[in-house]
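Open the model in your viewer and keep the sequence panel beside it. The stops below can be selected one after another.

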Amino acid sequence: MAKSVLVLGLQWGDEGKGKFVDLLTEQASAVVRFQGGHNAGHTLIVGEEKTVLHLIPSGILRDNVICVIGNGVVLSAEALTDEIAMLKERGISVTDRIRISGACPLILPLHSALDQAREKAAGANAIGTTGRGIGPAYQDKVARRALRVQDLYNLDRFNEKLEALYGFHEANLSRYNVDTLDLDAMKERAKSYADLLLPFVDDVPGILDTYRRDGKRILFEGAQGTLLDVDHGTYPYVTSSNTVAGSACSGSGVGPNAIEYVLGIVKAYTTRVGEGPFPTELFDESGQILGERGHEFGATTGRERRCGWFDAVAVRRACLLNGVTGMCLTKLDVMDTLESIDICVAYELDGKRLDHMPIGADDLARCVPVYETMPGWQSKTEGETDWNKLPPNAVAYVQRLEELVGYPAHIVSTGPERSENIFKVNPFA
Ligand code: GDP
Ligand code: IMO
Ligand code: MG
C-alpha cells in the first residue's frame, strides 16, 4: 500500500493534475507543493463549482487535509492573499490548514515587473512566460540574494537586504524603463507580508517526517509539466524550476524513499501554452476540435492553448525521467468525435529516424513527427466509469499508447468532474 503519491505532469502542463490531486486527497492527510509558484493554474470541478488554484495546494477543498508549501516554491504574498480571499468567500476554511516553509524565496513586485519587461523586450524571442515573476525570482534564489519568508522575522534586516536587491536590479529595471517600483512602498509592504505569512510558517521537513512516521498519507502536487523542466525540457522554452519527480524531494525536504508511487498525468492528446517547439502541433480542423471540445484556454493567463496529437516519443522520455509507476490518461472524451487519430511514434531529423527526444529546443524544432494512424471511436466516452463499456476503438487507442510509451495507464479520465474516471489501479491502494 502506497503511503505517498506524487502527482505530476508528463507534457507541457495543464494535463489535469489539479483534478487528480483534489480527487486523491480524499485519501490523504497532507498535500505538498514543491516547485513553481502562481504560474500554475490547477482546475478543480466539484458539481457546478469551478475552483482554480495557483499557489495553494489542490487539497484545500477537503477539510481534513493540511496544505503545505515547500521550500522549492517561489512565493508571492499578493497571490496568496488573493487566493485565501477567493476561498474564504466560498466558505472554505484556510488559515488553520496552510503550512509554509520559511525557506521559500519571495516573489516581489520587482520580479513580475522584470519578467514582463524582459518578455516585451525580447520580441520574437520571447518565451511566452506567464509574467508572474517566476524566472527572476528563481534567478535571485540561485544567485543567493533572494529574500525568503524566514527573513520577515527581522524586518530591519529584511529592509537592508531589500535595498541591496533593489540596488542590484536597478540598472536592469531602468534599462527596461520600469519606474513603477518604489523601494519605500515596498518596505511598508514588508510588514503586511510578515503579518500574512509568518503565522503559516512551520518546519515542513519535520511535519512531513512526523506524518510519515505516523503512517499518514501524503500527496505531492507537481506544477507545470516534465517538458517544461529547466534541465530536461525544451530549453530555453521552459519554466525556471525542475518539474521532474526528483524535485519533490529537494523542494519539500524528504528523501527519495518518501515517494512510493509516481502518477504521471498525461492528456490523450497534447497542448502547450507559450512559445517553443511542438512537433505534433495541429493547424487544421482536428486541432480546432481538440481546442474547442477540450476548452483549451490557460487557467492562469486565459491564453489559447496550442493543440496537437499525442507524442509518444516525448511521453516515453517523460515517464523514464520521473520513474512513473502508472499514468493517468486524461481528456479521452475530448476525442470522441474524431474520425481518425494520429500518434507520433518517432521523429525524423536530418533524414534519420529518432526514437528519443533531442536535447533542447533547436533540434526538436527541426524534428518532423512520424505518425501512426488509428480509427476514431466516434461515440461517447464522456463520463464513462467502466473500462468494459468503452468503445473498442477507444480501448485500442489507450492500449496502443501504453505499448508505445511502455508504461501502464492506471487511470483513464473521461470528464472534468471528480466522478468521471476509470480506475484500474488506485495509487494509494
Ligand atoms: P492542471 O494544470 O494540470 O491542473 O490542468 P488545468 O486545470 O490547467 O487544465 C485541465 C483542464 O481539463 C481543466 O479545465 C479540467 O477541469 C479539465 N479536465 C481534466 N480532466 C478532464 C477530462 O478527463 N475530460 C475533460 N473534458 N476535461 C478534463
Ligand atoms: P500548470 O501547473 C502550462 C509555461 C508558460 C511558458 C513557460 C515559462 O497549470 O500545468 P513561466 O511563467 O513559468 O516562466 O513560463 O512555462 N507554463 C505553463 N504552461 N501550465 C502551467 O502550469 C505552466 N506554468 C508555466 O506558458 O511557456
Ligand atoms: Mg494548468
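Which side-chain atom lies 3.0 Å from an oxygen atom of ligand 2? Select Arg 303: a polar atom of its side chain is the one at that distance. Before going on, note that this is a predicted model, in which local features need pLDDT of at least 70, side-chain atom pairs count only at pLDDT 80 or more, and totals for chains, interfaces and linings use all residues. Residues are numbered from 1 along each chain as its sequence is written, chains are lettered from A and ligands numbered from 1 in the order in which they are written, and side-chain values use heavy atoms, with hydrogens and water left out.

**Ligand 2**

Stay on ligand 2 and add Thr 239, where a polar side-chain atom is 2.6 Å from a ligand oxygen atom. A polar contact here is a pair of N or O atoms within 3.5 Å. Gly 41 makes its approach through a polar backbone atom, 2.9 Å from an oxygen atom of ligand 2. On its own the ligand has 550 Å² of accessible area, and the protein covers 97% of it (Shrake-Rupley method, 1.4 Å probe).

Now show the shell, meaning residues with a heavy atom within 4 Å of the ligand. Around ligand 2 there are 20 residues, and Asp 14, Lys 17, His 42, Thr 130 and Thr 239 come nearest. By class the shell holds 7 nonpolar, 10 polar and 3 charged residues; Asp, Glu, Lys and Arg count as charged, Ala, Val, Leu, Ile, Met, Phe, Trp, Tyr, Cys and Pro as nonpolar, and the others, Gly among them, as polar.

**Asp 14 and Pro 236**

Select Asp 14, in the loop between strand 1 (4–9) and helix 1. Helices (H or I, at least four residues) and strands (E, at least two) are DSSP runs, numbered from the N terminus. Asp 14 is not a glycine, yet its phi is positive, about 60°. Next select Tyr 235 and Pro 236, which are joined by a cis peptide bond with omega about 10°. Pro 236 sits in the loop between strand 8 (218–221) and helix 8 (246–250). Most residues other than glycine have a negative phi, and most peptide bonds are trans.

**Ligand 1**

Move to ligand 1. Its surroundings comprise 19 residues, of which Lys 17, Gly 18, Thr 43, Asp 333 and Ser 413 come nearest. Helix 1 (17–24) and strand 3 (42–46) each supply at least two residues of this shell. Check three backbone positions against oxygen atoms of the ligand: Gly 18 at 2.8 Å, Gly 41 at 2.9 Å and Lys 331 at 3.0 Å. The protein covers 92% of the 590 Å² of accessible area that ligand 1 has on its own.

**Domains 1 and 3**

Colour the chain by domain, with bounds from an automatic or database assignment. Ligand 1 lies between domain 1 (4–101 + 200–258) and domain 3 (266–423), because both give residues to its shell. The C-alpha centres of these two domains are 24 Å apart. Their contact (heavy atoms within 4.5 Å) takes 35 residues from domain 1 and 39 residues from domain 3. Finish by selecting Leu 10, Gln 11 and Trp 12, which supply 25% of the area that domain 1 buries against domain 3, more than any other three residues. Buried area is the accessible area (1.4 Å probe) that two parts lose on being put together, summed over both.

Conventions: Polar contact = N/O pair within 3.5 Å; in protein donor to acceptor, adjacent residues only side chain to side chain.
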